Structure formats: structure tokens, C-alpha cells
Amino acid sequence: MFLLRLEQTIDRFSDLLGKIAAILFVLMLFNVFYDVVSRYLFNAVSIGMQEMEWHLFAAMFMLGIPFTLRAGGHVRVDVIYEGLALRKKAWIDLVCTLVFLIPFCLLVAWYGVDFARESFQLGEGSGDPGGLPYRWVIKSVIPFAMFFNFISGIGLMLRSINILAGRHQDDDYTPVQH
């Protein structure tokens, strides 16, 4: 039962990241709306607002990945996968998480830390006049998001283990609570 509770805790964490990504999406919409209105109605262009759009998009995308993984919306060969029994799906998820997802997350997080640290040490900012300073802030999202994705991958592994151990009996088990 400990593994089932741990899986549920990680799932709640992934859900929280999904909510944060949704908030970032709404903020990005307001940013784009403001940018378009100011550009076309008032002929006022803000490089900083345009850069904020891709900063918000990048953060939204990167923080939305763990929720997508938890919700089962990630890319896989669904033509084969969807027709399989629950236990076979669990084996595929378990093996692919161990062989592909976790090593990828750890590798990108490892190099992402140096990527963000170098940006911080250089005081990197936008190359455009009026652009956003502190480029290291958005670059630091990469290792954080990969760490969160790693955590969500552990949740997927635990789900697979719990299915194989018989703790999830329902063939229609979906990790997302509606």
C-alpha cells in the first residue's frame, strides 16, 4: 500500500504542475492580447513583451510535460499499445520509463544546470534593445522541468508496478481524476 500512496502523491504533484502550466497559459494569452492590441491600435511595439511570450510558452510547455505524462497524453505507438492488456501496457511503461524516460531526464537536467549557470555567470540577457534581462531565469526552467519530469516518471513506474502487483484491477484505469 505504500507504493500506491506514493504513486498517488506523485500524481497530485504532477496535477499541481499541470495547474501551474494552465495558469502560465492564461498569462501568455493576456500577454499576447496586450501585445497585439498595443501594436495594432497604438503602434507601440515592446520587445520585452514579445520575449515574455516565448518565456511563458517555454515555461508552460516544460512544466506541462509531467502532467501530460501522468495523464497518458505522451507520445507512444498507440496503434500497438492501445490494443494490449493492462499488464502488457504496464510492462511497456515500466521498461520504457527505465530505459528511455529516466536517463533522458537525468541527462538533460545534468547539462541544463550548467547551461543555466553559465547564463547566470555571464549575466546573459536579451540581445535586443528593450528585451528581457536575466536570460538565466528561463534557462533554469530546463533542469527544474526535467527533474519534475523525472518525478512524474517515477510515478509512472510506480503505477506500472502497482498494476503488475494487482493493486489496480480496472482495465479502464486512467491516472487522471476528472
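Is F147 buried, exposed or partly exposed? I began my notes with this residue, working throughout on a predicted model. F147 sits in helix α6, and its relative accessibility of 45% falls between the 20% and 50% cut-offs, so I entered F147 as partly exposed. I then looked up a distance across the sequence and found that the C-alpha atoms of F147 and E7, which are 140 residues apart along the chain, are separated by 16 Å.

**Entry on helix α6.** I turned next to the helix that holds F147. Helix α6 runs over residues 141-164 and counts 24 residues. From its first C-alpha to its last I read 34 Å, close to the 34 Å expected at 1.5 Å a residue. Of its 24 residues, 18 are buried, and I therefore noted α6 as mostly covered. After α6 comes G166, for which I noted a positive phi near 85°.

**Entry on the annotated spans.** I consulted the UniProt record, an unreviewed entry, which places the feature "transmembrane region" at residues 16-34, 54-71, 91-113 and 133-158. I checked two of these spans against the model. Residues 54-71 are 100% helix and 0% strand, with their end C-alpha atoms lying 25 Å apart. For residues 133-158 I found 88% helix and 0% strand, and here the end C-alpha atoms are 41 Å apart.

**Entry on α1 and α2.** How do these two helices pack, and at what angle? Helix α1 covers residues 2-42 and helix α2 covers residues 47-71, and I noted an angle of about 155° between them, with their axes 8 Å apart. Angles over 145 degrees count as roughly antiparallel, and I therefore recorded α1 and α2 as roughly antiparallel to each other. Their crossing is left-handed. I also looked up which residues make up the contact of α1 with α2, and they divide into 18 nonpolar, 5 polar and 6 charged.

**Entry on the loop between α1 and α2.** I looked at two residues in this loop, N43 and A44. N43 has a phi near 50°, which is a positive value in a residue other than glycine, and its relative accessible area of 67% led me to enter N43 as exposed. For A44 I read a relative accessibility of 37%, so I listed A44 as partly exposed. Taking A44 together with V141, I found the two residues 97 apart in sequence and 30 Å apart in space, C-alpha to C-alpha.

**Entry on Y134.** Where does Y134 lie? I located Y134 in the loop between α4 and α5, the latter being residues 135-139. Although Y134 is not a glycine, its phi is positive, at about 60°. With a relative accessible area of 55%, Y134 went into my notes as exposed.

**Entry on I102.** Is I102 buried or exposed? I found I102 in helix α4, which spans residues 86-122. The relative accessibility of I102 is 12%, and because the cut-off for buried is under 20%, I counted I102 as buried. I then checked I102 against S152, which is 50 residues away along the chain, and noted a separation of 9.7 Å between their C-alpha atoms.

Conventions. Residues are numbered from 1 along each chain as its sequence is written. This is a predicted model: local features need pLDDT of at least 70, side-chain atom pairs count only at pLDDT 80 or more; totals for chains, interfaces and linings use all residues. Side-chain values use heavy atoms; hydrogens and water are left out. UniProt positions are given in the numbering used here, feature names are shortened, and annotations may be inferred rather than shown by experiment. Helices (H or I, at least four residues) and strands (E, at least two) are DSSP runs, numbered from the N terminus. Axes are lines fitted to C-alpha atoms, for helices over the stretch in contact, and angles run from 0 to 180 degrees between N-to-C directions. Angles under 35 degrees count as roughly parallel, over 145 as roughly antiparallel, 65 to 115 as roughly perpendicular and the rest as oblique. A crossing is left-handed if the near helix is turned anticlockwise from the far one by less than a right angle, and right-handed if clockwise. Ala, Val, Leu, Ile, Met, Phe, Trp, Tyr, Cys and Pro count as nonpolar, Asp, Glu, Lys and Arg as charged, and the others, Gly among them, as polar. The expected span of a helix is 1.5 Å times one less than its number of residues. Buried means under 20% relative accessible area, exposed over 50%, partly exposed in between (1.4 Å probe, protein chains only).
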